[in-house]
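Please walk through one loop of this model with me, starting from the structure shown here.

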Amino acid sequence: MIESPLPFIKDRRFLLYPMVNSYGYYENLREEMNIDPNRDFDYDNTPDKCLKTVAARALETLYDKYTIYGAITFHGGDNVLVIYNFSL
């Protein structure tokens with residue numbers, strides 16, 4: 001077994017979610033069912049108007065199952081790499 005040069009990696013789980021809005025990608029649309037999945041969460045929304053898209057529900061499932069401490073996202077349309085830190 002090869003010893004990791006970064007010991008903390010053995011105590012972590014890395015989740016890879018290559019594409020959140022696969023429907024939008026396939027249809028060449030930003031929206032899913034005329035809803036922007038990036039705005040389909042309960043932040044600044046009433047509960048009856050959120051989690052309508054498959055993409056948002058899939059992410060919500062991950063958030064409920066795992067404690068996520070950070071995320072990296074690549075927004076191809078903007079050519080931007082964004083790193084989020086969710087430290088407690």
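**A loop between two helices**

Asp44 counts as exposed because its relative accessibility is 72%, and the cut-off for that class is over 50%. The model is a predicted one. Asp44 sits in the loop between helix 1 and helix 2. Its phi is positive, at about 60°, although Asp44 is not a glycine.

Asn28 belongs to the loop between helix 1 and helix 2. Asn28 is not a glycine, yet its phi is positive, at about 60°. With a relative accessibility of 69%, Asn28 counts as exposed.

Next comes Glu32. Its place is in the loop that runs between helix 1, residues 22–27, and helix 2, residues 54–65. Is Glu32 buried or exposed? Glu32 is buried, and that class requires under 20% relative accessible area. Despite being buried, Glu32 has no salt bridge. The nearest side chain of opposite charge belongs to Arg57, 5.7 Å away. A salt bridge would need a side-chain nitrogen of Lys or Arg within 4 Å of a carboxyl oxygen, so the distance to Arg57 does not qualify.

Which backbone atoms does the side chain of Glu32 reach? One is the backbone nitrogen of Val54, at 2.6 Å. Another is the backbone nitrogen of Ala55, at 3.5 Å. Both Val54 and Ala55 also appear among the residues that Glu32 touches, once residues up to four places away in sequence are left out. The others in that set are Asn21, Tyr23, Pro37 and Thr53.

Definitions and conventions. Residues are numbered from 1 along each chain as its sequence is written. This is a predicted model: local features need pLDDT of at least 70, side-chain atom pairs count only at pLDDT 80 or more; totals for chains, interfaces and linings use all residues. Side-chain values use heavy atoms; hydrogens and water are left out. Helices (H or I, at least four residues) and strands (E, at least two) are DSSP runs, numbered from the N terminus. Buried means under 20% relative accessible area, exposed over 50%, partly exposed in between (1.4 Å probe, protein chains only). Lys and Arg count as positive and Asp and Glu as negative; His and the chain ends are not counted. A polar contact is a pair of N or O atoms within 3.5 Å; within protein, one must be able to donate a hydrogen and the other to accept it, and residues adjacent in sequence count only if both atoms are side-chain atoms. Contact means heavy atoms within 4.5 Å.
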